Structure formats: structure tokens, C-alpha cells
Amino acid sequence: MQYIDLRSDTVTVPTDEMREAMYKAEVGDDVYGEDPTVRKLEEMAAEMLGKEAALLVTSGTQGNQVSVMTHTHPGEEIIVEENCHIITYEVGGIGYLSGVQTKALKSNKGVLNPEDVENAIRPKDIHYPVTSLICLENTHNRAGGTVTPIEIMKEIYEIAKNHNIPVHLDGARIFNAATYLKVDVREIAKYADSVMFCLSKGLCAPIGSVVVGTKDFIEKARKYRKMLGGGMRQAGFIAAAGIVALEKMTKRLQEDHDNARFLAEGLKDIPGINLDLETVQTNIVMTDISGTGMTGKELSLKLKEYGILINGGNDFAVRFVTHYYISKKDIEKTLDAIEKIARQL
Ligand SMILES: Cc1ncc(COP(=O)(O)O)c(CN[C@H](C(=O)O)[C@H](C)O)c1O
């Protein structure tokens, strides 16, 4: 059965153009630095984000983890937003792999307050760990794909530089942020020392993310990737899809944002479903369905009968994510199904 899959933009499969490029990819052993297609992707990514170098990694998680490993030393402290992916969904990796602790800050719908960041930086004191990294997330997943404005990123970056602390941006969906802000992605990337972005989400590549930064940073991160078993051989097959992702799929994300908006405006009118339209800025719609009396799990089971997939747990928070394979018609079908389910309650 062909489902309408709104669980995540990670479910996207390669486009026909990507499959063609993968089939024809020129490959070599990337551990020896001899895969020409990986080289091309990494050079393209560095250039697009205005950084010196880039590293293809197997996933966004691996990209974030090797970045934290490269920026920090065991026993230090990193500043994060309390619901960021790095501490919510990366299996405790920063403790296990980097040996760092976190100072998790509250935010306003995923956007940190620069003053809070500055106040969280540890002063020199024999009792205190050193603050060695500030991590941002743009767009912010759990806040609903919200975008941190450039001015805020700039302010945080300036604070970080005044304290000689690097900034890492979890930019899994940075191209969604750039689309929403109507800026070139390098306008965002310039306010971070390292950026991780995903090829495998809204950009539809089958696998992979990319970390960008200085030559020195990427050289160190490449070694940590190898340590984690991320040294890849003929990875040009992956990189070929990533090149199509960067050349083509970065340009159509507004469609996903429009579909998310259309979905949110429809959901808002369904009794028992609450959402904050202000947070619907990109391709994610976060809802609270407690007013329906259903848990997310119960709604997901009912929607599956209509051929629609969402992630739902035992609580009332339900996330809908649009992507290349979700059409406006799919959104209409989803709204129709949820209205029917709500009426039967
Ligand atoms: C902001 C951000 N940073 C990093 C990652 C990790 O990427 P992968 O390790 O899944 O490639 C994700 C994936 N997010 C996935 C999703 O949204 O379905 C799940 C939650 O891991 C992310 O949303």
C-alpha cells in the first residue's frame, strides 16, 4: 500500500535523477581520498556554505557527534537548548564519546536568548568546568521547525567570539531555514564555526549529512569519523545523490513549507487539536491533540486505516512533517481523515 507518510522528512527516497547519478557515479576508495564524487560533493558543500572544507558523514547524528568531539575535551561543558536533537535523540553520545556535560537552556519556541547564552558561560573558577562549545539548531525540530533569525545567530556568535568559544550549528534543515528567511544559506552558516546539514531529509538523498568548517577542523573531524567506523570506501554512490540534492532539491523547499502551512490551517479548525500557527514556519507542524481525548498512538493507528502514517506516542504531542513526496492532495486527504476520526469520537 502506498502510504501518505507524514512521520518525518527522513522517509524520503532518492529521486529518479539521483538514482541515475548514483548508477553513473565515478568512485574510488575514499579512505585514500580517491573518490572523485565524494571530493566534488565536499567541495560543493564547503563552497555553498562559505567554509574552507567539508566532510561527508553517514548521518546527522554522526556529524553532530564528530563535531562535538572535535571542538571539546572531556570534562568541559557545552551550552545547548534544552530540547535540541543533540541531547534529546543522540543516545547520550556527547557524554559517552566526548565526555562533556551540558548546560541546557530554555528557549522561546526553539530560539535561544543571547543574554541567557552569555550568562551560561562559566567564569574562571576552580569549581567550574570550562565552557567549550555553544550548540545551536536551525531549524529547531522539536519546537516545530522554527527558525532562529539571523540577528539572533549573529548576536550569539559575537558573544561566543568575545569569549573565544566556538559555535556548532545543527543545521540538519538549514536549507529550510534559508528558504524561510529568503537568504543564501551562507548568511546563516557564517554565524557558526562548524555546521552539520542533512542530505537525507528534505533534500531526498538516501543517506548522509555533511559537516563544514575550517580545513583544520575538518581534518580532525575526519579522524574522529574514522574512529567511529565512518571511513567509507566507494562512497561516491552516496555523494552522487548528495550532489543532486544540493543542486536541485534545495530550491523547492518552499513547496513543503506551503503544504505544512495548509495542513496547520486545516488542523486548527478541527475540535480538540491545538497548535501555534506562529511556529509553522517551515515543513514541520507540531500539535497538541489532548482536546480530542486521543493519544498520539491512538490517532496514528486510526490514521493508518486511512493510509496515512504519523508518529504517535502515549502522550498528546503529534508532529506532522511535509516533504517532496507529500502533495497538497495528500494534505487534503489527511485533513479529511482526521475530521472524520474526530467526528466519530
Ligand atoms: C535537528 C536534527 N538534527 C540531527 C538529526 C539527526 O539526523 P540523522 O542522524 O537521523 O541523520 C535530526 C534527525 N531527526 C529525526 C526526525 O526529525 O525524524 C529523528 C528525530 O532523529 C534532526 O532533526
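Colleague: Which helix gives the largest share of the shell around the ligand?

Modeller: That's helix 3, residues 60-71, with 3 residues in the shell. Keep in mind that this is a predicted model.

Colleague: What makes a residue count as being around the ligand?

Modeller: One of its heavy atoms has to lie within 4 Å of the ligand. There are 16 such residues, and Ser8, Thr61, His85, Asp170 and Arg319 come nearest.

Colleague: Why is the pair between Ser8 and the ligand called a polar contact?

Modeller: The cut-off for a pair of N or O atoms is 3.5 Å. A polar side-chain atom of Ser8 lies 2.8 Å from a ligand oxygen, so the pair qualifies. Asp170 passes too, because its polar side-chain atom is 2.7 Å from a nitrogen of the ligand. For Lys201 the value is 2.9 Å, to a ligand oxygen, so that's another polar contact.

Colleague: And how much of the ligand does the protein bury?

Modeller: Taken alone, the ligand exposes 500 Å², and the protein buries 83% of that.

Colleague: How do you know which pocket the ligand sits in?

Modeller: More than half of its atoms must lie within 2 Å of the pocket's grid points. The pocket in question is the largest one, with about 710 Å³ of space. Of its 34 lining residues, Tyr89, Asn141, Arg142, Met286 and Arg319 are the closest to its centre.

Colleague: What classes of residue make up that lining?

Modeller: It has 9 nonpolar, 15 polar and 10 charged residues. The shell around the ligand has 3 nonpolar, 8 polar and 5 charged.

Definitions and conventions: Residues numbered from 1 in each chain as written. Predicted model: local features only at pLDDT ≥ 70, side-chain atom pairs only at ≥ 80, totals over all residues. Heavy atoms only, no water. Polar contact = N/O pair within 3.5 Å; in protein donor to acceptor, adjacent residues only side chain to side chain. Areas by Shrake-Rupley, 256 points an atom, 1.4 Å probe, with all protein chains shown as cover. 1 Å grid on protein atoms, 1.4 Å probe; cavity = no way out; pocket = protein on both sides within 12 Å on 5 of 7 lines; lining within 4 Å. Helix = DSSP H or I, 4+ residues; strand = E, 2+ residues; numbered from the N terminus. Nonpolar A, V, L, I, M, F, W, Y, C, P; charged D, E, K, R; others polar. Points joined across faces, edges and corners; volume = space filled by probe spheres on them.
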